[in-house]
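Trainee: Could you take me through one part of this model, starting with its pocket and then moving on to whatever surrounds it?

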Amino acid sequence: LDELTPMGSATIMEVTKDQSETYEFDPLEVGIPRCEVEDLKGGDRFVNAELLRETLAGKPGAIGNALALNAGVALSAAGKADSVQAGVQLALEVQQSGEGLKTLDKWVAKTQANVVVTLCDLAKQSLFGTTTISSMLEQMCALAVDVVDQRCAAEC
């Protein structure tokens with residue numbers, strides 16, 4: 001796998017410009033309890049969206065622990081935490097605070113606001129005969145792709 005899970009230990013290969021090191025890493029070492037695959041199982045896009053929102057709102061459990069585990073390792077690798085354990089602790093604190101959901105909601109509101117304003121402009125153009133319906137639909141599709149691309153480039 002390309003990510004760590006609380007289900008058990010993992011073999012890590014850490015590569016730096018000076019060396020590479022392979023070792024076993026157990027999430028228990030950083031305070032993340034074990035879970036089963038069922039604890040991490042999602043569903044369709046609606047179920048997964050709700051699970052994400054609950055987790056970002058601070059709901060404790062295996063999904064939040066998996067998120068914190070991977071974020072903690074990333075924080076340590078990026079030099080934003082002194083150790084994996086410190087990174088995991090920081091990630092758990094942020095996850096449990098619910099700030100992640102607030103950030104997601106702001107992002108959603110911002111992207112939807114931009115789309116709504118532009119769609120209103122396109123609708124006005126169509127009403128006043130400056131563009132055809134098919135042209136408006138093409139522009140709407142292109143806009144949706146552009147908005148996602150811009151947001152991901154700027155914020156992902």
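Mentor: In this predicted model, the largest pocket has a lining of 16 residues, and those lying nearest its centre are E3, L40, I63, A66 and L67. Two or more lining residues come from each of the helices α1 (37-40), α2 (45-56) and α3 (62-77), and the space in this pocket comes to about 340 Å³. By chemical character, the lining of the largest pocket consists of nine nonpolar, five polar and two charged residues.

From the pocket we can turn to the nonpolar interior. In soluble globular proteins, nonpolar side chains tend to be buried together. Here the largest nonpolar core holds nine residues, namely L4, F25, V30, I32, A68, L69, V88, A91 and L92. Helices α3 and α4 (84-97) each contribute at least two residues to this core, with the largest share, three residues, supplied by α4. Within the core, L4 is worth a closer look: leaving aside residues up to four places away in sequence, L4 is in contact with A10, I12, F25, L69, N70 and V73, and of these F25 and L69 are themselves listed as core members.

Helix α4 also contains A86, which counts as partly exposed because its relative accessibility is 32%, a value that falls between the 20% limit for buried and the 50% limit for exposed. Although A86 and G72 are separated by 14 residues in sequence, their C-alpha atoms are 7.3 Å apart in space.

Conventions. Residues numbered from 1 in each chain as written. Predicted model: local features only at pLDDT ≥ 70, side-chain atom pairs only at ≥ 80, totals over all residues. Heavy atoms only, no water. 1 Å grid on protein atoms, 1.4 Å probe; cavity = no way out; pocket = protein on both sides within 12 Å on 5 of 7 lines; lining within 4 Å. Points joined across faces, edges and corners; volume = space filled by probe spheres on them. Helix = DSSP H or I, 4+ residues; strand = E, 2+ residues; numbered from the N terminus. Nonpolar A, V, L, I, M, F, W, Y, C, P; charged D, E, K, R; others polar. Core = buried A, V, L, I, M, F, W, Y, C linked by side-chain atoms within 4.5 Å. Buried < 20%, exposed > 50% of the residue type's maximum accessible area, 1.4 Å probe, protein only. Contact = heavy atoms within 4.5 Å.
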